[in-house]
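Let's take a friendly walk through this structure together. Have the sequence and the 3D view open as you read.

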Amino acid sequence: MEILNYAFMQRALLAAVLVGITAPAVGIYLVQRRQALMGDGIGHVAMTGVGLGFLLSTSPVWMATAVAVAGAVVMELIRWYGRTRGDIALAMLFYGGMAGGVMFINLAPGGSNANLSSYLFGSLSTVSEDDVAAICLLAAFVVLVTVGLRRQLFAVSQDEEFARVTGLPVRALNLLTAVTAAITVTVAMRVVGLLLVSALMVVPVAAAQQLTRGFAATFAIAVAIGVGVTLGGTVTSYYQDVPPGATIVLLTIGVFVVLTVLATPLARRRARALARDGAACTADVPGARGTSDEVKV
């Protein structure tokens with residue numbers, strides 16, 4: 001294939017696969033915790049890290065990772081202790097992250113908002129070998145956590161109180177989830193962009209839930225969708241000269257719509273079948289009909 005003859009596309013496709021795996025792998029826990037927009041907030045904070053990377057002449061990916069992790073920890077602490085003022089504190093953190101990124105990158109030598117654009121919306125041609133190395137290391141950590149601790153993370157995401165009673169370190173696992181989400185945001189920013197990464201963390205999971213409710217099946221289908229749309233969006237971006245991040249997100253939403261349309265009649269048939277089975281079971285119970293009639297009288 002012609003597309004594989006170019007080194008920058010090889011790097012972009014590898015990064016796309018890693019993003020397609022990691023984003024839904026973390027997103028399934030955020031959806032269970034009803035924190036679907038957490039990735040969006042972390043993306044805003046990570047902008048400060050990108051700006052600092054340019055200002056200090058260091059890797060924007062690693063600097064964004066450090067700042068995003070710190071921001072995720074602060075967000076989790078606010079969730080624990082913020083109470084009624086928590087939403088205001090989070091808003092200040094998000095907007096401050098955006099403002100800090102713009103300010104730092106303009107203070108950097110030769111810096112401008114144009115340098116920030118590829119991190120906000122993704123860019124294929126700017127994925128360097130250093131970026132790929134960082135993305136591989138970070139993605140390995142994300143996969144190790146989301147797969148290796150899937151039972152514990154799922155238990156905490158479903159019911160914190162029950163998980164605490166069973167002896168799980170709930171706060172430590174919540175912090176780990178937040179840190180893993182922050183790392184995922186920085187993994188995805190070179191392909192999807194900081195402002196669009198949250199969609200890739202949430203929509204594939206929502207699409208997978210149209211077909212199944214089991215955790216393992218939803219996890220596998222969501223990752224498959226993530227890999228499919230990131231590769232499809234990256235290839236489309238190359239041949240059609242369109243933004244990769246926007247293309248990937250639109251493809252993801254398209255998959256969600258298609259699966260929703262296909263799953264609706266299937267769900268109705270399942271509901272009718274369950275109703276028929278329930279009626280048959282009631283009819284088979286001796287005296288069930290008579291008991292029902294007596295209650296009505």
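What follows looks at two loop residues and then at a pair of packed helices. Please keep in mind that this is a predicted model.

Let's begin in the loop between α1 (7-32) and α2 (38-55), where you will find R34. Its backbone deserves a look: phi of R34 is near 60°, a positive value in a residue other than glycine. Is R34 buried or exposed? With a relative accessible area of 76%, R34 is exposed, since the cut-off for that label is over 50%.

Now move along the chain past α2, to the loop that lies between α2 and α3 (60-81); S57 sits here. For S57 phi is near 55°, again a positive value in a residue that is not glycine. S57 has a relative accessibility of 65% and therefore counts as exposed.

From the loops, turn to helix α6 (residues 129-148) and helix α7 (residues 150-158). How do these two helices pack? Their axes are 5 Å apart and meet at an angle of about 70°. That angle makes α6 roughly perpendicular to α7, because values of 65 to 115 degrees fall in that class.

To see the contact itself, select the residues on each side. Helix α6 contributes V145, T146, V147 and G148, while α7 brings R150, Q152 and L153. What is the chemical character of the residues in this contact of α6 with α7? Three are nonpolar, three are polar and one is charged.

Terms used: Residues are numbered from 1 along each chain as its sequence is written. This is a predicted model: local features need pLDDT of at least 70, side-chain atom pairs count only at pLDDT 80 or more; totals for chains, interfaces and linings use all residues. Side-chain values use heavy atoms; hydrogens and water are left out. Axes are lines fitted to C-alpha atoms, for helices over the stretch in contact, and angles run from 0 to 180 degrees between N-to-C directions. Helices (H or I, at least four residues) and strands (E, at least two) are DSSP runs, numbered from the N terminus. Angles under 35 degrees count as roughly parallel, over 145 as roughly antiparallel, 65 to 115 as roughly perpendicular and the rest as oblique. Contact means heavy atoms within 4.5 Å. Ala, Val, Leu, Ile, Met, Phe, Trp, Tyr, Cys and Pro count as nonpolar, Asp, Glu, Lys and Arg as charged, and the others, Gly among them, as polar. Buried means under 20% relative accessible area, exposed over 50%, partly exposed in between (1.4 Å probe, protein chains only).
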